[in-house]
Amino acid sequence: MEKPFEYRKRPLSHQELENIARTDPKRAKRIIINRKSALRAKEKKKLYTCELEQRFQKLKSQAAQASLQFNLLQMEQKSLIKENSMLKDHTKLTKQMIELQESKKDVIRKEIKFYQHFVPTQMCGTVGGDMVNNLIPVWVNNSSMAATQGLTLLHPVGQ
C-alpha cells in the first residue's frame, strides 16, 4: 500500500505528471495547483526579501547619518560646556570685581564721613573752571593754602 503523502526528494517530471493525470486527475490537478502556489510563494518570498534588504540598507544609512549627527552634537555639547564654564568663571570674576569696588566705595564713604565729622571743612576754589571739593581744615590759613594750590577762593573763611 502506497502512503498518500510520501516524501519525494525530486519533483515529478512533466511525463510523470501526465501519467498521474490519466490515473488520478484530482491528484494531478492538486499537484499543479500546489506547484503554482509554491511559485507564487517563492516570488512573494523573493519580493519580501528584496524589500527587507532595501529597508535594511535604508536603516543602515539612517543609522550612519544618526551616528554622524550624534558625534557632531557631542562635539557641540563639549564646546558649549567649555563656553559655559568660561562664562561662569567670567561671571564669578565680575562679581568679585563688583564686590571689591563696593568695598572700596564703602571705605571711601567711611573716610568721607570721618573727615566730615572730625575735621571741619569748607567748599572752596575752582581749578581749571571745574568745581573741586577741597578738604581744608579751618585752622589752616585759607588764603595761603589756596595760593599754594593755585586756587581762587569763592567764599574765603574768616574774612
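Let me start with Y115, which in this predicted model counts as partly exposed, because its relative accessibility comes to 37% and that label covers the range between 20% and 50%. F114 falls in the same class, since its relative accessibility is 43%. Why do I mention F114 and Y115 together, and what do they form? They form an aromatic pair, and the count for this model comes to one such pair. A pair of aromatic rings is described by the distance of the centres and the angle of the planes. For F114 and Y115 the centres are 5.3 Å apart and the planes stand at 75° to each other, so the pair is called edge-to-face, a word kept for angles over 60 degrees.

Now please step back to the whole chain, where you can find three helices and two strands, arranged along the sequence in the pattern α-α-β-β-α.

Which residues make up the largest nonpolar core? There are five of them, namely L12, L17, I20, A28 and I31, and the elements that contribute two or more residues to this core are α1, running from 14 to 23, and α2, running from 25 to 118. If you pick out L17 and set aside residues up to four places away in sequence, you will see that L17 touches A28, I31, I32 and R35.

Finally, a few totals: of the 159 residues, 9% count as buried, while the protein exposes about 14,600 Å², with carbon and sulfur atoms supplying 60% of that area. Among contacts with a separation of 6 or more, 24% come from residues 24 or more positions apart.

Terms used
Residues numbered from 1 in each chain as written. Predicted model: local features only at pLDDT ≥ 70, side-chain atom pairs only at ≥ 80, totals over all residues. Heavy atoms only, no water. Phe/Tyr/Trp six-rings, centres within 6.5 Å; stacked < 30°, edge-to-face > 60°. Buried < 20%, exposed > 50% of the residue type's maximum accessible area, 1.4 Å probe, protein only. Core = buried A, V, L, I, M, F, W, Y, C linked by side-chain atoms within 4.5 Å. Helix = DSSP H or I, 4+ residues; strand = E, 2+ residues; numbered from the N terminus. Contact = heavy atoms within 4.5 Å. Areas by Shrake-Rupley, 256 points an atom, 1.4 Å probe, with all protein chains shown as cover.
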